[in-house]
Amino acid sequence: MRAVLKPFVIHAAYSPIETIVFFSIVGTLAYFHILSAIKHSAFFAPSYPSVLRPSHALLRGDEWVGVRDTFWLHAKAKYAPDAAILPLELFPVEFSLDSVHRNTEVAPDWLTFSTNTELTESVQNFTKGLPTSISGFAYDKACFRPVTSETLDLAAPCFTDELVKSRSIYQTLAFAPGVKEDFTTAFNHLIKSTPSSGNVAFEVEAKQAEAIGVMKSSKWVAYAATALVVRFWDLTKKADSLDIVLILAGYVLMHTTFLLLFYRSRRLGSNFWLPSAIFTSSVFALLLSLPIAMWFHIPMDPVALTEALPFLVCTVGFDKPLRLARVVFSHPHLQSPVGGSSSNGQLKPAGEIVLESLSNVYTPIFRDYVLEIAVLIIGAYSKVNGLREVCALAALVLGMDCLLLCTFLSSILCIMIEVRRIQSIRAISKSRVASVATSPTSSPRLRPVNPSLGSKISSLVLGEKGSSLPATRGKKQDKHENPVARLKLLLIMTFLTLHILNFITPLTPQRHLSPQSVNSFRKVDITTPAIQSVLGSLAATEHIDAEVSEGSEANDHGLLVKVNPSIHVRVIPLNPAFGASVSPPVPVSGPSRSTSEIVENFMSSWSRLVGDPVLSKWIVMVLAVSISLNGYLLKGIAAGLGGKGSMAKLGGVRFGSDANADTTTDAASHAQPESIVARQSVPLLAPMPPPMIAPAPSPRRPATFTLDEVDRRLQERRLTESSSPDASSSSASDSDDNEIVRSLEECIEIFENGPRPVSVALSLLNDEEVILLAQNGKIAAYALEKVLGNTEYERAVRIRRALISRASATQSLEHSDVPLRHYDYSRVMGACCENVVGYIPLPLGIAGPLKIDGHLFPIPMATAEGTLVASTSRGCKALNAGGGVTTVLTQDGMTRGPAIDFPSIVQAAKCRAWIDSEEGYATIKEAFESTSRFAKLRNLKCAMAGRTLFVRFATATGDAMGMNMISKGTEKALEVMQKHFPDMITLALSGNYCTDKKPAAINWIEGRGKSVVAEAVIPGKVVKSVLKTTVEALCNLNTKKNLIGSAMAGSIGGFNAHAANILTAVFLATGQDPAQNVESSNCMTLMESTNNGEDLLMTVSMPSIEVGTVGGGTVLAPQQAILEMLGFKGAHPTHPGQNAQALARLIAAAVMAGELSLMSALAAGHLVRAHLVHNRSQLNTPVTSAPATPSPFGTETGGVVGVKANDLGSVTPSSAGSLPPYSLERP
């Protein structure tokens, strides 16, 4: 037996993934086999067909209401022709071209009653003669005759209703109660006696109960579970109390076995994967054993299997897999190298560890399997009914469990070994303890020094994780069990099971149920179109009857109907001429048809396969485990698990060397492969040669023909092609020589009288025709988006661009370099811009990163000024060297200052006093904050100028910049003030007391928006090495330039070098209002020496930074992407306003970096040289436009007024190569 299993064990140990996949597929196939057997077994076949019971409905007013069966029986008992509530029975008859049986041949789908009048007339002739054709039934006396105003004195006809559908004709008859049996018998006799000659034949079909084999997945599972529970419950009611107690005890033992599996697996160091693997192996053993048992014709009763399930679980048990796992995880080379330090860190393969462990425990495990199977075979040959089947199945399960233990479970253990090694390496790297795992006898588990409370509780309740693993490896810890004691235990369990099954066995032959326990009752659906048509006709006759009645009789009269199940009559066409009027569709033959059918059949089969309730969950679970396991193993490979010395010697894995090797000759690659690889690795890693500053002129490349010129020309050509109709299918409306442009009259006719809305009519016109309408005043250029529709924004921009271009002097805008396509104009319309003709892209650079309040941030800057990003980056480098920038937010409040006029200065003073009072402030605050949940009024500042009162509202606006929010709140506050001071007149909502977009001392003194102060200390050695200057020079320059120089100029808030430069660049990159850089750039830069003059202390004070992360330009996609990169996108989820405040802090810190770098360049004399190198390069000098742009002053002087062309002279740009290098220090 060992020789038979050895090849499988070796393959499983060295190919674990393939083995797991193989048994997963085999287990799935076994599941399908078992599923098919269950569906077609007699156990789940319905003993009685499902019964369709009649429905009852009562007409109340104009509505039919469902009633119970007892109400019908009560009304039927009091039935009389003149009764107040008249009970009726409805008998629906369905004449259908389809059959209720699945395998019955029916009429083709293209043959319907609605398309074939001859067939319809043949069936209707039979239905009209139905009342007179029924023999043996008093139809005239039993039918219901409604009384109408036209038939009060005459005999009314019997009530019938007919509804014609495409494949069915429904006829409903109404009778008095109690004629069901007579009518059914007479109708069946009439159908059978009707001759088959003629155009059609009729056949009454009875609906059969749906078999479990054809039910859908969810339906058959519910049916099978219901049948199992019902039959088991019926058996339980007939069983003795002792039998129930024994079965319950067996289930308790089974669950105890599961708990022991989890407990012992935890002691081996696994809480989930090891018990899951052992349990899955046992389930696969059961799945694979059941088809074998069916092949051996072993009878299996589901109820008996449910009763014997505890016996199977306890018999198979989990002690043998746990014994193997204990030996594997206690292997001396699980975590330690094979030869100690001399082995260069090589670990023994996981497959060898599993094979060695299995060899150590193979004998006792296999012996136990043999003994248990032998005892079960003895039980299988016994003559005790029920015991034979269970013992035979248990023996098969044990044999399959032995095979899976040596293959499937061994493969999983190999993977668990690799995972444990990865965990050990990660734990060692995280702990950074050099002494861990250096000795072969050390434990691989890194236990925490101070375990948490949860760990203590779990260790106390569930036992300490990994406690069963030996502390000292290399010593055998297993104690071999005595086989005699185990044989005794097996014999005792077998005899105990024998007695249990002896109690259960007498119940097995009597597994029949009463019809009521399995019958499923359903009622007739009265909401179907056929029944609704009948009920509507009856309601109409009852309404007419009520109108001809008098007094209270009309109020007490009513109809109560009993809707019986429909009689299905299949219509069999006999006349072949029926197909003459409607021709069947001609089937398409050919290979494409057969291929599509094959694909469709495969997809249908796969859909049914995946739709299985168990298999779908199994696929998802296996996929999740596979993804997580592969990801974990890949991380372990990346960590260098495969060998500590080999990868270090090779220098890492090379990528792309094969592709480079193809460039060499085959002979050289075969002769010296190692040298080739060594030589090829040099150009892969070598840097590109630096560009030459002043390249020598070449006869093949003129000096004016640069790469930038090539790029520009290619860009112009691409834009020209993209604007032509042939460039893209989306440009079908562009102008084209072959495209016909209709006349103005035709375009006006389509525009004014075409389909509505107007956007649909304009979609019938091309761009040139819409331009023609706009040029003739039919469409306003500013309203193109409105008339073209919300989905044609780009077309509106393109047409407006053509209109403006053709009306200008140069007519160059339409095909200019201003980009148009690939932009989301829906975010612009109504929010950011009007009369849009395109968008202006700006270069976006990233300075830094800069450490701000302990966190590193990139500084996004959209600018066209050279050296700005580079200079700011240099400042960031210097600031980071000193520990970064610390910022504080001193104030957060956007302002709005309306101007209010009063009849006199007295009333203006009274209003000011009221505003300054607590009552007035509280009233205004309540009104102001009612307009928004983010608007919080901070303070009010008043000032009088004659009869005019200026009130400056300062408000926190959350993460929005807040101009719209504060304007709405101010307007509401002025309305409340108007009630207290009726004579006041609001001159303007903004009276320039805010002050917005203008230099003002009030913003510099009081602050506006976010007020931020930033501070940093730059070490003196960094000032010398990075900034190329000294602390003393910087402090002196800052005082003379930023303080004294600005004061001499009368500057307000301009005590800085170039704060507006950095602030505006960040504003443009993050979607802020660039016009607000006027007051936002208010900044005072201070520098002083510290630490005994060695280091530089720098502060930047910016009292009026007006920014937001919600609304305005922040809705545009590129600007949102920048805010998302910074982590400031949108409103802060928990602290409103924190994102905007963080952006203001970032701007202040960036301004400090720019100020520091520029001041250092000025102190070192590098400013002009840096700009000439980075901002005035020869390649960036634009060439002359061709054709030249016409000047309003003529072309003689190129647009320079009062200067002749020959007086300008020739201007030669400076050469950057003649200047000293940028990084050179001053002498």
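These are my notebook entries on what I looked up in this structure, which is a predicted model.

**Entry 1, annotated segments.** I began with the record, and the unreviewed UniProt entry places its "transmembrane region" annotation on residues 20-38, 242-263, 272-296, 392-417 and 489-507. I then checked two of these stretches against the model. Residues 272-296 are 92% helix and 0% strand, with the end C-alpha atoms 36 Å apart, and residues 392-417 are 96% helix and 0% strand, with their end C-alpha atoms also 36 Å apart.

**Entry 2, nonpolar cores.** I looked next at the largest nonpolar core, which has 64 residues, and I noted that Leu-274, Leu-324, Phe-329, Leu-404, Leu-405 and Leu-413 are the ones with the most contacts inside it. Several helices supply at least two residues each to this core, among them H1 (2-14), H2 (16-39), H10 (273-295) and H15 (408-431). Which helix gives the most to this core? I found that H14 does, with 14 residues. There is also a second, separate core of 53 residues, which includes Ile-852, Val-1012, Ala-1153 and Leu-1156.

**Entry 3, charges over rings.** Phe-329, which I had already listed among the core residues with the most contacts, has Arg-420 lying over its face at 3.9 Å from the ring centre. I found a further case at Tyr-369, where the charged end of Lys-320 sits over the ring, 4.7 Å from its centre.

**Entry 4, aromatic rings.** The count of aromatic pairs comes to 16. I first took Tyr-823 and Tyr-839, whose ring centres are 4.5 Å apart; their planes meet at 20°, which is under the 30 degrees used as the limit, so the pair counts as stacked. Both tyrosines belong to the loop between helix H32 (793-807) and strand E11 (844-852), and they are 16 residues apart. Are these two rings buried, exposed or something in between? Tyr-823 is partly exposed, with a relative accessible area of 23%, and Tyr-839 is likewise partly exposed, at 21%.

I then turned to Phe-857 and Phe-1128, whose ring centres are 5.7 Å apart and whose planes are at 40°, so this pair is tilted. Phe-857 lies in strand E12 (residues 855-862) and Phe-1128 in the loop between helix H42 (1117-1126) and H43, so the pair ties together parts that are 271 residues apart in sequence. Phe-857 counts as buried at 17% relative accessibility, and Phe-1128 is buried as well, at 6%. Elsewhere, I noted that Phe-22, Phe-23, Phe-284 and Phe-408 form one aromatic cluster.

**Entry 5, helix H43.** Helix H43 covers residues 1138-1164, and its 27 residues reach 39 Å from the first C-alpha to the last, close to the 39 Å expected at 1.5 Å a residue. How many of the residues of H43 are buried? I read 22 of the 27, and the helix is therefore mostly covered. Just after H43 comes Gly-1165, which takes a positive phi of about 75°.

**Entry 6, cysteines.** I reminded myself that a disulfide is a covalent bond between the sulfur atoms of two cysteines. How many disulfides does the model contain? The count comes to zero. For Cys-832, the nearest cysteine sulfur is that of Cys-833 at 8.1 Å, whereas a disulfide needs the sulfur atoms within 2.5 Å, so Cys-832 is in no disulfide. Cys-832 counts as partly exposed at 32% relative accessibility, while Cys-747 is buried, with a relative accessible area of 0%.

Technical notes: Residues numbered from 1 in each chain as written. Predicted model: local features only at pLDDT ≥ 70, side-chain atom pairs only at ≥ 80, totals over all residues. Heavy atoms only, no water. UniProt positions renumbered as here; feature names shortened; annotations may be inferred. Helix = DSSP H or I, 4+ residues; strand = E, 2+ residues; numbered from the N terminus. Buried < 20%, exposed > 50% of the residue type's maximum accessible area, 1.4 Å probe, protein only. Expected span 1.5 Å × (residues − 1). Phe/Tyr/Trp six-rings, centres within 6.5 Å; stacked < 30°, edge-to-face > 60°. Lys NZ or Arg CZ within 6 Å of the ring centre and 35° of its normal. Core = buried A, V, L, I, M, F, W, Y, C linked by side-chain atoms within 4.5 Å.
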